[in-house]
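The following exercises practise the reading of a protein model. Please study the sequence and the structure before attempting them.

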Amino acid sequence: MIAVLVIILGYMLYRGIGAINVSFFTDLPKPVGEPGGGIANAIVGSAIMLVVAILLSLPIGVLAAIYLSEFGHGWFAQTLRFLTDVLAGIPSIVVGIFAYTLIVIPMRSFSGWAGGVALAIIMLPVIIRTTEEMLRLVPQSLRDGGLAVGAPKWRVTVDIVLASSISGIATGTLLAISRALGETAPLLFTALGSSLWTTNLERPMASMPVQIYTYAISPYDEWHQKAWAAAFTLVAIIFVLNVVVRFLTRSKHG
Amino acid sequence: MRLKSRLITTGMLSLALLAGACGGASDGPVKPGGESNSGGLAIQGAGATFPYPLYSKWISEYNKKNPSLKIDYQSIGSGGGIKQITERTVDFGATDAPMNDEQLKAAPKEILHIPTVLGAVVVTYNLPEAKNPIQLDGPTVAAIFMGDIKKWNDPKIAAMNEGAALPDKDIAVVHRSDGSGTTAIFVDYMAKVSPEWKDKVGVGTSVNWPTGIGGKGNEGVSGSVKQTPGSIGYVELIYAKQNNLSVASIKNSAGKFVTPSLESVTAAASGVAARIPDDLRVSVTNADGEASYPISGFTYLLVYKDQDDAVKAKALVEFIWWALAEGEKMAADLGYSALPPEVLTKAQAKVRLINVGGKTFVP
């Protein structure tokens, strides 16, 4: 496993190292033939859309998971669980078309909002299912203990069940984030991409996967190199995110 | 306690992220197609992949003169360009194959085709045995891509390449697997020179290929041809050049074998200039003229003739006007064939038509 990761990272670095320097992370893309140029707007764009996606999907996802694990037992919960699985299996390009129809066409403009919503839909089932699994791991005896000292069910859910599975929820969210960060298809027809500084969510917005795609299909070696460098950056960011969240939520048992 | 402090850290982290996002969002509301508070007017274009490097160069150069105007072009493919201008999600579209009548009818208002540069489709092959460039005529190329000619030493190929060492090797056909303007130009030429092709395969951005393997995008076909000895495929000229692929000379309608080059493609455009229709939707394949390379086509900008927003329309017209006047000079450096003067004049005439309520903007 580690060997495969090292080989992939190493090869991306080998192909892209020539394009990596400070300006690669601080500058805007430049046309072919001009030296320098970077992917700063794509990094920022990806981050902004990801924050939108997290704000939309995390509360809904965690609430749905709490319902499924703590409250829902009947046919409705079964249906919800089934629909979540269906949602997880929908190809991401279809999610993109959905967001395009829902947001881009009425607004008559590609936008960061549309990209964020598309990513949120992709993250949602991952968050729901992982969180539900984590909540179920909390021993029933802990819940019973809480109830036995007279705490109402909502206190038990928040202070015992949620609190003791926080690191699991974080891990699930992280999985969802990693999945969303690498998605190109749902962004192509929602956020579109941009070669400008875009922090305005109502305008088309650059993102790393779309920028990689644009560079990779070009005829120029210099842009291919940038695609490799951007791909390496993307994987590195996901890797660092993983490490940071692992560190923040490391289990108190070890 | 530790858990609590961790929760607080996580909370603060997400708050910081949130603040960042809001900072971004608080640039102020922007009506699509209106003015952006973060610095002047914004114009959005999207479409064909082929001219993307050139358009981004134009935009970058134009931006140096007009720093307050934000223009952006995204390469989403010719089909995407047509779709998005029709849906009016962009201010201008771009396509390699002109819109057909049906597509024009689907648009809410009249769309103008403004040619910018030309692209050539080259027949590329991987045959280490052949020392000199191979020469082919249209019907032979059609027969190869239909699977009727199966060997490199076929008498038909040998007849056009006297003295060339053609091996007794199977021909491996590589074509595009995705819909593409490149395919549209290539099969348009095939249909013109081969009645059999017209009957059996037809034309369009994607066709039902009788034989061969598919590659995604120009880069996919280039890659397959590069790795497969005995293969033949078709790609945009610039991809063949950048990948150092062998390129066949093709016999034009005047009976001359012509190597694809920026000049021979511009010559082909001159060859059709006399019979170009009013809406400039024309096929450049099999053009007249001794120096004309026969497989090429215009790439177009798609713009609504009647615009709503005067400020924006003015900026858009000025940019296109500049592109045709000054931008054309940058085309050759990036591997694009510039418009011949007679077509350039016709393109400029189209730009003059863009108006808001009858008011035009050309200087």
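Three exercises with worked solutions follow, and they concern a predicted model.

**Exercise 1.** Determine whether A:Pro29 is buried or exposed, and state which residues it touches.

*Solution.* First, locate the residue: A:Pro29 belongs to the loop that runs between α2 (22–26) and α3 (40–71) of chain A. Next, apply the cut-off: a residue is buried if 20 or more other C-beta atoms lie within 10 Å of its own. A:Pro29 has 26 C-beta neighbours inside 10 Å and therefore counts as buried. Finally, leaving aside residues up to four places away in sequence, A:Pro29 touches A:Gly37, A:Ile39 and A:Ser195. The C-alpha atoms of A:Pro29 and A:Ile39 are 5.8 Å apart, although ten residues separate the two in sequence.

**Exercise 2.** Compare the expected span of helix α11 of chain B with its end C-alpha distance, and state how many of its residues are buried.

*Solution.* The helix comprises twelve residues, 262–273. At 1.5 Å a residue, they should span 16 Å; the end C-alpha atoms are 17 Å apart, so the values agree. Nine of the twelve residues of α11(B) are buried, among them B:Val265 and B:Val272. These buried residues pack against elements of chain B including β4 (111–125) and α13 (341–353).

**Exercise 3.** Identify where α5 of chain A bends and what covers its buried residues.

*Solution.* The bend, about 40 degrees, occurs at A:Tyr100. A:Tyr100 is also one of the buried residues of α5(A), which include A:Val95 and A:Val104. Their cover includes α6 (112–137) and α10 (185–188) of chain A. Just after the helix α5(A), A:Arg108 adopts a positive phi of about 50 degrees.

Definitions and conventions:
Residues are numbered from 1 along each chain as its sequence is written. Chains are lettered from A and ligands numbered from 1 in the order in which they are written. This is a predicted model: local features need pLDDT of at least 70, side-chain atom pairs count only at pLDDT 80 or more; totals for chains, interfaces and linings use all residues. Helices (H or I, at least four residues) and strands (E, at least two) are DSSP runs, numbered from the N terminus. Two residues are in contact if their C-beta atoms, placed from the backbone, lie within 7 Å. The expected span of a helix is 1.5 Å times one less than its number of residues. The bend at a residue is the angle between axes fitted to the seven residues ending there and the seven starting there.
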